[in-house]
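Work through the exercises below with the sequence and the structure at hand, and try each task before reading its solution.

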Protein chains: 2
Amino acid sequence: MILKIIINKMNQENITKKLRNWEQTLTTTGSRLTAPRKAILEVIAHASQPLTPIEVFDLAREKVPNLGLVTVYRTLDKLTDLGLVSRVHGHNDCQTVFRAASSHQHLLICTNCGTSVYFDGLDAEERFDQIGRTHGYQVDGHWLQLYGLCADCRTE
Amino acid sequence: MILKIIINKMNQENITKKLRNWEQTLTTTGSRLTAPRKAILEVIAHASQPLTPIEVFDLAREKVPNLGLVTVYRTLDKLTDLGLVSRVHGHNDCQTVFRAASSHQHLLICTNCGTSVYFDGLDAEERFDQIGRTHGYQVDGHWLQLYGLCADCRTE
DNA sequence: GTGCTTGCAAATTCTTTGCAACTTT
DNA sequence: AAAGTTGCAAAGAATTTGCAAGCAC
């Protein structure tokens, strides 16, 4: 499998800050900060796109060579439970992970390279509630993702 | 596994019409109308919620007892290719199928019983394009699903 | 030291493929 | 009769579980 170079557009400072937050969340919830976990956290924090478990595995293995795939699965479960990462369902892979959104944010995903960014400011909650009401539903959640070519892929 | 009674809120006439359309699409594209396929089509046409391959299998088997699960997978692939059914990614099952939307429609899914309806009239395309532009993306697709309790589940 | 984690191997679950027999048209 | 389809069995892929050894705190 080809893994493209992964460079997050967040600056290094923000990534470091996020990593510290994640590590703190782990320790304060009674979990332990091990080398495998640190490697996995770093991979996800630096990722500019949702990653499959195997991709996380391959990338994290560069730092922890004897890492087991099972550990990746278990760590991803834990991070998801803690709300640090989100499962992203794409059209191809439906089990990828990406750093979790801040709040009311949604993903904008490049259909060519996968590079993703969160956006907010849609402010459609009220509209969603209204739509639900007309069908007898009480809307309490939504799931929105936009797809399209990013600037880099368009100029290629 | 417990399969709840599945009653589509479309009236019988509409379901029959849709079934005829589907069957016609199959025959006109060179595919054949076999007993297994008819059973599968009926199950999906009558479903009020997205179904997993196994659920389709179990329900269709009531009509074609010696149906093989493989046939379900292959038929679902074909129906998806023809655009008759859509893959629906839920929070739990991400490989379920549901009759395809007419156009610019999105799903409203009950988080308790799974009963789903399509809605339209959101008219957010322009807003989506705009959001994409501010991030350098050229938006060419979106994926939206609303979640909430349906009227029946709320009164329970 | 205690209790959470890890990696290995094995078990499950889900989906796809090969193929001879069988339908549909 | 020709061509698409089916079901079985087997193969592959993806994910989970059991467990003894290893670490973090």
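Rings of Phe, Tyr and Trp, the last taken by its six-membered ring, pair if their centres lie within 6.5 Å. The model to which this is applied here is a predicted one.

**Exercise 1.** Find which residues form one aromatic cluster.

*Solution.* The residues that form one aromatic cluster are A:Trp143, B:Trp143 and B:Tyr147.

**Exercise 2.** State how many aromatic pairs a search of the whole structure finds, and describe the pair of A:Phe98 and A:Tyr118.

*Solution.* Start with the total: over all chains, the search finds four aromatic pairs. Next, take A:Phe98 and A:Tyr118, whose rings are 5.7 Å apart centre to centre, with 40 degrees between the planes, and form a tilted pair. Then place the two residues along the chain: A:Phe98 belongs to strand β2 (residues 96–99) of chain A and A:Tyr118 to strand β4 (residues 116–119) of chain A, so that the pair, with its partners 20 residues apart, links distant parts of the chain.

**Exercise 3.** Decide whether B:Phe98 is buried or exposed, and do likewise for B:Tyr118.

*Solution.* The cut-off needed is that buried means under 20% relative accessible area. B:Phe98 has 0% relative accessibility and therefore counts as buried. B:Tyr118, with a relative accessible area of 13%, is buried because this value falls under the cut-off.

**Exercise 4.** Work out what relation the rotation that superposes chain B on chain A represents.

*Solution.* Chain B is superposed on chain A by a rotation of 179 degrees with 0.1 Å of shift along its axis, at an RMSD of 0.1 Å. This is the relation of a two-fold axis.

Terms used. Residues are numbered from 1 along each chain as its sequence is written. Chains are lettered from A and ligands numbered from 1 in the order in which they are written. This is a predicted model: local features need pLDDT of at least 70, side-chain atom pairs count only at pLDDT 80 or more; totals for chains, interfaces and linings use all residues. Side-chain values use heavy atoms; hydrogens and water are left out. Rings of Phe, Tyr and Trp (its six-membered ring) pair if their centres lie within 6.5 Å; planes under 30 degrees apart count as stacked, over 60 as edge-to-face and the rest as tilted. Helices (H or I, at least four residues) and strands (E, at least two) are DSSP runs, numbered from the N terminus. Buried means under 20% relative accessible area, exposed over 50%, partly exposed in between (1.4 Å probe, protein chains only). Copies are superposed by least squares on the C-alpha atoms of residues with pLDDT of at least 70 in both.
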